[in-house]
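Reader: Hey, got a minute to walk me through this one? I'd like to start with the strands and then get to the cysteines.

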Amino acid sequence: MTASSKTTNILVCGTGGQGVMTATEILAEAALSLGFDAKKTEVAGMSQRGGVVTSHLRFGERVLSPQIVPGEADLLVGFEAAEALRWAHMLRPGAAALMNVGRIVPPVVNLGLFDYPDDPVAQMRALGLEVHAFDASALAAELGNIRLGNTVMLGAMADRLPFPAEVLRDAVLARFASRKPELVEMNRQAFELGRRAVAAEALAA
Amino acid sequence: MGAPLPAPAASRLFLSGNEAVARAVWEAGCKVAAAYPGTPSTEILEELARYPDLYAEWSVNEKVALEVALGASMVGARAFCAMKHVGLNVAADALMTLTVTGTEGGLVIAVADDVGMSSSQNEQDSRFWGRFAHLPVLEPADAQEAYGMTKAAFELSERHHCAVILRLTTRICHVKGRVEVGERVAAEPAGFVKDARRWVMVPGNAKPRLPLMFEREAALAAEAETSPLNVLSDGPDTALGFIASGPAFMHVREAFPDAPVLKLGLSCPLPLQQIRALADRVRHLVVVEETEPLLETELKAAGIACHGKDILPRIGELAPDVLRPAVARLLGNAPPVPAHAPEQPVFPRPPTMCVACPHLGVYYTLSQMRNVIISGDIGCYTLGAGHPWNALDTCISMGASMGMALGMDKGRGEADAGKKVVAVIGDSTFLHMGMQGLLDIAWNRGNVTVLLLDNRAVGMTGGQDNPGSGRDIHGEEAPRVDFARLCEALGVKKERIRVVDPYQLPVLFKALREETKIEEPSVIITDRPCVLIDHYQPAPSYRVEEERCTGCGNCVEVGCPAIHVTRRETAVKPSGKEVELAFVRIETTACTGCGLCLQPCAPEAIVHAAPEAPLQFQRKQ
C-alpha cells in the first residue's frame with residue numbers, strides 16, 4: 001500500500017471481547033491525525049456474546065460508503081485464526097493478511113457439532129494470499145496480560161500502512177496516556193513485539 | 001457522574017451516527033430525552049445522559065418514552081425519544097394520535113431500523129409510519145447528516161407543529177465518521193396552554209383536527225420540493241439516474257460515481273416535481289431504498305416509470321456489491337465476475353451466553369426437563385434456544401412469552417395434555433411489556449409457571465439499568481421494584497412465588513418440578529446479577545483435574561464458553577453400547593467461579609484453581 005488519492009480499506013476481524021473495535025478505532029484515529037477522511041463500521045450484533053466481529057475501516061481523501069465489499073480489502077487483520085479464514089475472500093487478490101494463530105474455540109465446536117479448521121494458515125496460503133501468521137495471544141500472555149493482544153495486532157499492522165508506523169504507535173500510546181497511564185509502557189512493548197513478530201515471520205517465510 | 005464537558009463548537013469529531021444524534025439533540029436545546037434500550041439505537045440515550053443541561057431517562061418501554069417526550073413538548077420544551085424499529089410498534093398507539101393533536105415544543109422521534117438484522121426479531125421499514133401517521137420522515141446518509149438532520153428535525157417540527165420521525169438504520173447508528181459540531185442554543189419552554197380542543201382527543205375535538213393534519217401534509221410536500229435536505233448530486237452519465245435515501249445513497253455514489261443521484265433527506269412527503277425532473281433526463285430511473293419498495297410505489301402511483309425492487313433485493317443492505325451486478329443486468333451488461341478468493345466454509349459462531357451467566361443454570365435445568373413447552377421472550381435468554389440447551393420454543397415480541405403461554409395452556413388439546421407450560425422472561429422485558437401478561441395469567445387462572453430471570457440489567461443491549469436494578473440512567477440510586485411483591489400484587493398466590501439462586505442447580509430443578517406440577521399460576525424468580533455489569537463480583541476460578549475427568553461431558557452440557565474439549569474418544573460400555581467421551585479443560589483465566597459446571601460432574605474432577613478455596617455447591621446426586 002502506498003499513500004495516494006485511493007481509499008485504503010482495512011478489515012479487522014475477530015470475536016467478541018478481543019478488542020477488535022477498539023483497535024480499529026485507534027487505527028482510525030491515526031489516519032484522522034494525518035488529515036484523512038475516514039469511516040469505520042462494524043458488524044457486531046452481539047459483540048459481547050462471543051460472536052463474530054468485523055470492523056471495516058476506510059480512509060482516504062473522501063470516503064463515501066463505509067463498507068468494504070468482498071475482494072476490495074487492502075489488508076486483513078485477523079485477531080483469531082478461523083476468523084481470518086472466514087473473511088479471507090474480502091481481500092484483494094494477492095493482498096496480505098496478518099493473523100493471530102491463537103484460537104478461540106466456540107461451544108458449537110466443543111459440543112462436537114462443527115469442526116475447527118485443521119490449519120487455517122495453510123488454507124489461506126493455498127488461496128494465493130500473502131499470509132503473516134504469529135501467536136499474538138502468546139506474546140500478550142508473555143507480557144502478563146492477554147488483553148494486550150489487540151496492541152500486539154496493532155503493532156503487527158504498523159509497517160503495512162500508507163503512513164509511518166510511529167503515527168499508529170503514538171495513537172495507541174496517546175489513548176492509554178489519557179485513560180490508563182500505568183499501561184503505556186506495557187502497550188509500547190506489546191506494540192513493538194507485534195511489529196517484530198511480523199518482521200521475523202516475513203524473514204522466516 | 002463527572003462526565004467530561006462536551007467538545008467545543010467547531011470541533012471536528014469522529015462520531016458514530018448515534019453519538020452525532022445525541023450531540024445535535026443537546027445543541028438543539030432539547031430539555032427532555034427518553035428511550036428504552038434497543039439495538040441499534042441504544043447509544044443515543046447512553047450518550048445523552050452524559051450531557052449537561054437536559055433531562056435524560058431510560059423509560060420502561062418505548063410507548064412511555066414517547067409519551068414522556070410528548071408531555072414535554074406540550075409544555076413547550078424541545079423533546080426527543082429514541083427506539084429501535086420494533087419499539088415504534090409499541091409506541092404506535094401514542095404516535096397515531098399525537099399526529100392529530102400536533103406538538104408545541106419541537107418533538108423528534110428517532111427510530112433505528114436494524115437493516116440486515118444484526119440483533120432483532122424482524123426487519124421492518126419504519127418509513128411506513130410517516131405515511132400511516134402523516135408525519136415527515138428524515139433519512140440521514142451518514143453521521144454528519146445524522147447530526148445536521150437532527151437539528152433540522154427540531155426546526156421542522158416547530159414550523160409545522162408536528163412530530164418528526166428521524167429514520168436511522170444500523171449503518172447510520174454504528175458507523176463512525178467525521179462530524180463538525182456547533183453551539184448549543186436553548187430556549188425557555190413557553191408553558192402549557194390549556195386547550196381541550198387541542199389536547200383532549202375525544203371524537204368531538206379530534207374530528208375538526210383531521211383536516212389540519214392533511215393541510216400540514218400538503219405544506220410539507222411543498223416544502224420538500226425546495227428543502228435543502230433533498231440534494232441532487234449531478235453526474236454526466238444519463239443512461240442511469242438514481243433516487244436514494246439513507247445509507248443507500250452512499251452505496252450508490254460509491255458504485256456509480258458518474259450517474260446523477262437525487263438524495264432524499266426529507267423523504268416523506270416526496271418531492272415529486274424534483275423526481276419527475278430527474279426522471280425526464282435519464283434513460284433508466286432506479287430507486288435504491290432500504291428495505292421496502294416504498295418510494296418506488298409512490299413514484300409509480302404518480303406515473304413516474306422507475307426500477308427498484310424488480311432488480312434489487314427486498315431484504316438486507318444494498319451495498320455496492322449488491323448494486324453493481326443488478327444494474328449491470330438492467331443495462332444488458334454481464335455482471336462483474338469476482339476475482340477474489342471464494343468464501344471459505346468455517347463453522348458458525350453464534351453469540352453465546354457469557355462465562356458464569358446466571359441464565360446458564362436456568363437453561364441447563366430446563367434442558368433436563370421432559371414434556372415441557374417453553375414460551376420464550378426477548379433478551380440474552382433468547383439464546384437458550386441454541387446449543388447445547390435447545391430449551392426455548394418461541395420468541396416473538398417483548399413480553400409475548402406471558403400471553404402466549406396462557407394461550408398455549410387454554411388452547412391445548414389431547415396432544416399436549418400432559419405437558420407443562422413454562423414462560424421465560426427477563427426482568428427488564430417483564431417490566432417493559434410482560435407484567436400485563438402475567439396479570440392476564442393470574443386473573444384468568446392459567447396453568448403456567450413463569451421463570452422471571454432477574455439479572456438486574458438490560459443485558460443484551462449492554463447492561464443498562466431498569467426499574468429492577470435500583471439505579472437510574474446516571475447510575476444513581478433509585479427505587480427498586482420488588483418482583484416478588486409485584487407478582488403477588490398482580491394476583492399470583494404468595495406461596496406460588498419463589499426466589500431461587502440459579503447457580504444452585506438442584507434447588508432450581510426442585511422448584512421447577514414442584515411448581516409445574518401444581519395447576520395454577522406460579523412464578524420462580526432467579527436472582528443473580530448479570531456478569532457484565534460493574535457490580536458483578538467474580539469468585540475464585542476452577543480447573544479440571546485431568547486424571548479424574550472421565551469424559552462424561554455433563555459439564556459441556558452447561559454451555560459455558562470457558563469449558564473446552566481437549567480430546568474425544570469412543571468407549572464401549574460393558575453392555576456393548578458405544579459412547580462418545582469428551583475430556584475437558586476449563587479456561588481458568590476466563591472462569592469466574594460460578595460453580596455451575598462442577599454440580600453435574602460426577603467424578604468430582606472440577607476443583608478450585610487455587611486449592612485452598614472451599615467448594616460451595618451441592619453436587620448432582
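**Strands and cysteines in chain B**

Author: Sure. In β10(B), Leu240(B), Phe242(B) and Ala244(B) point one way while Gly241(B) and Ile243(B) point the other way, and all are buried. Keep in mind that this is a predicted model.

Reader: OK, so why is β10 of chain B largely enclosed by the rest of the structure?

Author: Because five of the five residues in that strand, 240–244, are buried.

Reader: And what does β10(B) pair with over five bridges?

Author: That's strand β13 of chain B, residues 284–288, and the two pair in the parallel sense. Leu240(B) stands opposite His284(B) there. β10(B) also runs parallel to strand β11 of chain B, residues 261–264, with three bridges joining them. In β11(B), Leu262(B) is the bridge partner of Ile243(B).

Reader: Which helix goes with β10(B) and β11(B) in a β-α-β unit?

Author: Helix α11 of chain B, residues 248–255, and the unit is right-handed.

Reader: Switching topic: cysteines. Which ones does UniProt list under "binding site"?

Author: One annotation, from an unreviewed entry, lists Cys560(B), Cys591(B), Cys594(B) and Cys597(B). They're spread over 38 residues of sequence but cluster in space, with a largest C-alpha distance of 10.5 Å. Another "binding site" annotation, again from an unreviewed entry, covers Cys549(B), Cys552(B), Cys555(B) and Cys601(B). Those span 53 residues in sequence, yet no two of their C-alpha atoms are more than 10.5 Å apart, so they gather at one spot.

Reader: Is Cys594(B) buried or exposed?

Author: Buried, because Cys594(B) has 26 C-beta neighbours inside 10 Å, and the cut-off for buried is 20 or more. Cys594(B) is found in the loop between β21 and β22 of chain B. Leaving aside neighbours within four places in sequence, Cys594(B) is in contact with Ala356(B), Tyr503(B) and Ala539(B).

Reader: Where does Cys597(B) lie, and what does Cys597(B) touch?

Author: Cys597(B) lies in the loop between β21 and β22 of chain B. Not counting residues up to four places away in sequence, Cys597(B) touches Cys555(B), Val558(B), Cys560(B), Ile563(B) and Ile606(B). Cys597(B) counts as buried because it has 26 C-beta neighbours inside 10 Å.

Reader: Now the other group. Where is Cys549(B) placed?

Author: Cys549(B) is in the loop between β19 and β20 of chain B. With 20 C-beta neighbours inside 10 Å, Cys549(B) counts as buried. Apart from neighbours within four places in sequence, the contacts of Cys549(B) are Val544(B), Phe583(B), Val584(B), Pro603(B) and Ala605(B).

Reader: And what does Cys601(B) touch?

Author: Cys601(B) touches Asn554(B), Cys555(B) and Ile606(B), again not counting residues up to four places away in sequence. Cys601(B) sits in the loop between β21 and β22 of chain B and counts as buried, with 22 C-beta neighbours inside 10 Å.

Reader: β20 and β21 keep popping up. In what sense do those strands of chain B pair?

Author: Antiparallel, over nine bridges, with β20(B) covering residues 563–572 and β21(B) residues 578–586. The bridge partner of Val572(B) in β21(B) is Glu578(B).

Reader: Which residue takes a positive phi in that hairpin?

Author: Gly576(B), with a phi near 95°; the hairpin has five residues between the strands.

Key: Residues numbered from 1 in each chain as written. Chains lettered and ligands numbered in written order. Predicted model: local features only at pLDDT ≥ 70, side-chain atom pairs only at ≥ 80, totals over all residues. Pairing = 2+ DSSP bridges. Helix = DSSP H or I, 4+ residues; strand = E, 2+ residues; numbered from the N terminus. UniProt positions renumbered as here; feature names shortened; annotations may be inferred. Buried ≥ 20, exposed ≤ 12 C-beta atoms within 10 Å, placed from the backbone. Contact = placed C-beta atoms within 7 Å. Right-handed = clockwise from strand over helix to strand, strands pointing away.
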